[in-house]
Amino acid sequence: MAKKRDPARPSARTRIFATASDLFYRKGIRAVGIDAIAAQADTTKMSLYRSFPSKDELVAEWLRDHDAKFWRTWDAMSQKYLDKPRKQLQAAFALLAKHVADPSARGCPMANAAVEITQKDHPARKVIEAHKAKLRARLSRLCEQTGAREPALLADELFLLMEGAQVSTVLGVRIPAQSVARPAEALIDSHLAAKRRA
């Protein structure tokens with residue numbers, strides 16, 4: 001007699017995805033094999049490959065999910081400060097400071113994955129590049145709306161500040177990263193002051 005499935009238990013696909021997402025973020029993509037994911041998800045390799053055609057596709061799906069969650073959080077924050085671009089920038093850096101202060105944080109999943117995935121045709125590579133391009137474009141638009149004298153330059157500087165804060169947590173240097181909002185504020189101030197002097 002076939003064993004009845006517990007309706008309260010997540011599906012094999014859900015367990016596989018949640019397990020892989022956790023392991024990829026905590027341990028890295030290359031350090032985690034299909035066998036380890038299947039075992040921790042309490043399923044089989046066959047079940048995993050029925051849900052995801054390859055490990056590469058599983059990685060890409062993990063990053064697509066991260067991208068969607070990231071922008072939902074950003075958009076919810078933006079809604080609080082409509083027509084206040086500087087407040088949106090401040091809130092974005094406050095969120096970042098909160099993230100990097102979390103002891104379980106291991107930086108940005110996109111940047112971490114980019115270090116491990118160098119093949120241009122990897123399905124996750126497009127996800128990573130599109131995410132970072134969208135982040136840069138969003139910063140650029142907000143910087144233009146603040147009235148900064150050189151909005152593209154300010155966006156580049158803020159983008160690099162964000163990336164640096166994330167990377168420093170991977171390196172175990174959390175204290176400077178937790179103060180990331182302060183230099184962001186100083187950069188914005190300096191660009192707006194330059195506009196007033198012009």
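The paragraphs below go through the helices, the nonpolar core, the salt bridges, the cysteines and some backbone angles of this predicted model.

Residues are numbered from 1 along each chain as its sequence is written, and side-chain values use heavy atoms, with hydrogens and water left out. Because the model is predicted, local features need pLDDT of at least 70 and side-chain atom pairs count only at pLDDT 80 or more, while totals for chains, interfaces and linings use all residues.

Helices here are DSSP runs of H or I with at least four residues, numbered from the N terminus. Helix 5 covers residues 85-101, which is 17 residues. From its first C-alpha to its last it reaches 24 Å, close to the 24 Å expected at 1.5 Å a residue; the expected span is 1.5 Å times one less than the number of residues. Helix 8, at residues 151-170, has 20 residues and reaches 29 Å between its end C-alphas, close to an expected 28 Å.

Burial is defined by relative accessible area: buried means under 20%, exposed over 50%, and partly exposed in between, with a 1.4 Å probe and protein chains only. In helix 5 the buried residues include Pro85, Leu89, Phe93, Leu96 and Val100. In helix 8 they include Leu154, Leu158, Phe159 and Met162, and also the polar or charged names Glu163, Gln166, Ser168 and Thr169.

The next topic is the nonpolar core, a set of buried Ala, Val, Leu, Ile, Met, Phe, Trp, Tyr and Cys residues joined through side-chain atoms within 4.5 Å. The largest such core has 27 residues, and those with the most contacts inside it are Phe24, Ile37, Leu58, Val59, Trp62 and Leu63. Two or more residues each come from helix 1 (12-27), helix 2, helix 4, helix 6 (109-116) and helix 7 (123-146). Helix 1 gives the most, with six residues.

Charged side chains come next. A salt bridge is a side-chain nitrogen of Lys or Arg within 4 Å of a carboxyl oxygen of Asp or Glu, and the whole structure holds 13 of them. One joins arginine 9 to aspartate 42, at 2.4 Å from N to O. Arginine 9 lies in the segment before helix 1 and aspartate 42 in the loop between helix 2 and helix 3, so this pair ties together parts that are 33 residues apart in sequence. Arginine 9 is partly exposed, at 33% relative accessibility.

A salt bridge within one helix is that of aspartate 22 and arginine 26, whose closest N and O atoms are 2.9 Å apart. Both residues lie in helix 1, four residues apart, about one turn of the helix. Aspartate 22 is partly exposed at 33% relative accessibility, and arginine 26 is partly exposed at 41%.

Lysine 132 and glutamate 163 also form a salt bridge, at 2.8 Å from N to O. This pair links distant parts of the chain, with lysine 132 in helix 7 and glutamate 163 in helix 8, 31 residues apart. Both lysine 132 and glutamate 163 are buried. Elsewhere, Glu57, Glu61 and Arg64 are linked in a network of salt bridges.

Taking a disulfide as a pair of cysteine sulfur atoms within 2.5 Å, the count is zero. Cysteine 108 is in no disulfide, and its nearest cysteine sulfur, that of cysteine 143, is 18 Å away. Cysteine 108 counts as buried at 5% relative accessibility, and cysteine 143 counts as buried at 0%.

The remaining points concern backbone angles and the surface. Most residues other than glycine have a negative phi. Aspartate 42, which takes part in the salt bridge with arginine 9, has a positive phi near 55°. Aspartate 83 also has a positive phi, about 65°; its place is the loop between helix 4 (55-80) and helix 5. Aspartate 83 is exposed, with a relative accessible area of 77%. Glycine 172, which follows helix 8, has a positive phi near 85°.

On the surface, Val167, Leu171 and Val173 make a nonpolar patch of about 270 Å². Patches are made of residues with over 30% relative accessible area and no salt bridge; like charges are joined within 9 Å, and nonpolar side chains (Val, Leu, Ile, Met, Phe, Trp, Tyr) within 5 Å. The areas come from the Shrake-Rupley method with a 1.4 Å probe, and for residues only the protein chains shown count as cover. Valine 167 belongs to helix 8 and is partly exposed, with a relative accessible area of 41%.
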